[in-house]
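Open the model in your viewer and switch to a cartoon view. We will walk through it stop by stop, selecting a few residues each time.

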Amino acid sequence: MSFFQNNLRFQIIFPLSLIMAIMLAVLSFSIPILVERNAEQHALHTALNSLKQLKVLRTYYTKNIVKKVQEYGVLTPAIKHSGETDKIPLPATMIHDLSQLFDKNGSKLNLYSPYPFPNRQHIALDSFQQKAWLELSDNPRKIISVVNKENDNAVLRVAISDQMQVQTCVDCHNNHPLTPKSDWKLGDVRGVLEMSIDISSQLALANTLSLWIISCMLIACTLLIIIFYFLTGKITEQVSNISQGMIALGKGNYETEIPQYSATLETHQMYTAFQLFKTALLERQALEKQQQLFETEKVNSLGRMVASIAHDVNTPIGIGVTAASFLQDEIEILAKKFASGELNEEDFEAFLESSRSSMMILTRNLSSAADLIRSFKQVSVDQMSEQVREVLLSEYFKEVIHSMLPKTKRAQVTVDLDCIEDRSCFIYPGFLSQVITNLIANSIIHGFAEQNHGTITLVVSAQENEVSIQYSDDGIGIADDILPKVMEPFFTTKRDEGGSGLGLSIIHNIVTQKLNGHIKLASGVGKGLTVDISFPTLKQAAPLIIG
């Protein structure tokens, strides 16, 4: 179980699968209900339109037929009109006749009232009809509907009020000899007009549609998870290969190779960083075989800087991993609340805020690690190559100082730089970086050994053909009797603590032999150390110096 918890692919796929499963469960429950309600609403609107059309038809029939018949006396409106040549149906009778025709077409039409004429007094109202009458009497604008199961069929029953809309109807009902009620007025609810529709086929179609929708969503989610599975597999494989390569390099296997990836910018950058790191190690190995004693010490110094950089890079990366783990926990909490139905807007906003904070922490710490690696890359490549190139002095000194940040930070040492701006020149940047890094390391080891903090000042100036550097620290200084000896090979006051005595002698060798310059030391007990260095610039790139 711990393997899955620590596996990057699992940590990506599991929350995604969980969220999709919850979404599918919710939609599988809600979609059939919504589709079925939509089918019922469609049938309800159809029934209402039919009922309203019947009311319009009856009103038209009453105004334009029954009224004219009564005025001219040629025909007589009657309940029993079938087979009678001088009688036409009353408006209500016409509705009853139409209901029989509707029954043949799959729909059922009913017109009923608690005040029926004698020919319909034997018909008893069921519970729905009684409820419809009571509610429509109180509110004629209301629509009463219900879906009932009848013989394994779903039947929609819709009822609306049947009001006295024409004075002719009012007069007829009040004056008819068989009327059960003789005080009707315009607008009174005379009865209830109901239509029943079998909607079994519509509901079956709705269920089929729901099944198709849910099936398509299930297939889409499955495909998405599969795609994410393979994509994360590629990413985790790339990260794993690069990690294994770094482990092999760490164990001294400089022949290890990893496949080159370009799927994402990040993996390409990781591959590039691996290659640069490997190149630096290979160059260091070559220098160890080719260089003399001074070069051996130089490579060892670079190795210590690599270890220091790696140590400081680990801190922002560790913070980034912690932030990512926190974000994972927040996703789990959100998923649980969503699954239990407890998720609200405040929880979601809190999740967004936590996500933003985590991403800010990730970005800030990864940028910090990238800055350290970039500084180390430039300085280390320069130290390895020993090639002449044109540099902007101010920027290059900043890069060198930044590459020493892990050491200076742990020793609580501040490095102040005062460098001429916008001055470029051709120099040996690798030799120069060795001089500066060795001076800073010497101050930390010797000058600030008995102090918890210190300040180093670098003043850089440049004339037309010469660069001048004044390096000073406020450490314990060097006694007058040993000052002339400090640049001799193997002279050290830290022999019992592992000192090699090569630090200042390497600096002297580089300045005088590699840079063709001059170096002068000034110090005293309690006065710190001042080093004045000057060397000529080059007019163009010179060939590689080997020696």
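Two strands count as paired if DSSP finds at least two bridges between them. Keep in mind as you look around that this is a predicted model.

**Stop 1: a four-stranded sheet**

Select β3 (107–112), β4 (144–150), β5 (153–163) and β6 (189–198). Together these strands make an open sheet in the order β3-β6-β5-β4, and the pairing is antiparallel. Which are the edge strands? They are β3 and β4, each of which pairs on one side only. Look along the sheet and you can follow its twist, which averages 20° from one strand to the next.

Now zoom in on β3 and β6, an antiparallel pair joined over six bridges. To see one bridge, show Asn 110 and its partner in β6, Glu 194.

Add α4 (127–138) to your selection. This helix packs on the sheet and touches β3, β4, β5 and β6. Its direction makes about 135° with that of β6.

**Stop 2: a residue in the long run of α2**

Select helix α2, residues 8–72, and pick out Ala 43 within it. Is Ala 43 buried or exposed? It counts as buried, because its relative accessibility is 3% and the cut-off for buried is under 20%. Show what Ala 43 touches beyond its sequence neighbours up to four places away: Leu 156, Ile 197 and Ile 199. Then add Gln 202, which is 159 residues from Ala 43 in sequence, yet the two C-alpha atoms are 8.3 Å apart in space.

**Stop 3: the aromatic rings**

A pair of aromatic rings is described by the distance of the centres and the angle of the planes. How many aromatic pairs does the structure hold? There are three. Start with Tyr 115 and Trp 184: their ring centres are 5.8 Å apart and their planes stand at 80°, so this pair is edge-to-face. Tyr 115 lies in the loop between β3 and α4, and Trp 184 in the loop between α5 (167–175) and β6, so the pair ties together parts that are 69 residues apart in sequence. Colour the two by exposure: Tyr 115 is partly exposed, at 32% relative accessible area, while Trp 184 counts as buried, at 6%.

For another pair, select Tyr 428 and Phe 431, whose rings are tilted, with 5.2 Å from centre to centre and 50° between the planes. Both of these residues are buried.

Go back to Tyr 115 and Trp 184 and add Trp 133, since these three form one aromatic cluster. Then show Lys 181. Its charged end sits over the ring of Tyr 115, 5.9 Å from the centre, and also over the ring of Trp 184, 4.2 Å from the centre.

**Stop 4: strand β11 and its partners**

Select β11, residues 466–473. Six of its eight residues are buried, so this strand is mostly covered. On to its partners: β10, residues 454–462, runs antiparallel to β11 and is joined to it by seven bridges. The two form a hairpin, with three residues between them. β11 also pairs with β13, residues 529–536, in the antiparallel sense over eight bridges.

Finish by selecting Asp 473 in β11. Opposite it stands Ile 456, and in β13 its bridge partner is Leu 529.

Key
Residues numbered from 1 in each chain as written. Predicted model: local features only at pLDDT ≥ 70, side-chain atom pairs only at ≥ 80, totals over all residues. Heavy atoms only, no water. Buried < 20%, exposed > 50% of the residue type's maximum accessible area, 1.4 Å probe, protein only. Phe/Tyr/Trp six-rings, centres within 6.5 Å; stacked < 30°, edge-to-face > 60°. Lys NZ or Arg CZ within 6 Å of the ring centre and 35° of its normal. Axes fitted to C-alpha atoms, helices over the stretch in contact; angles between N-to-C directions. Contact = heavy atoms within 4.5 Å.
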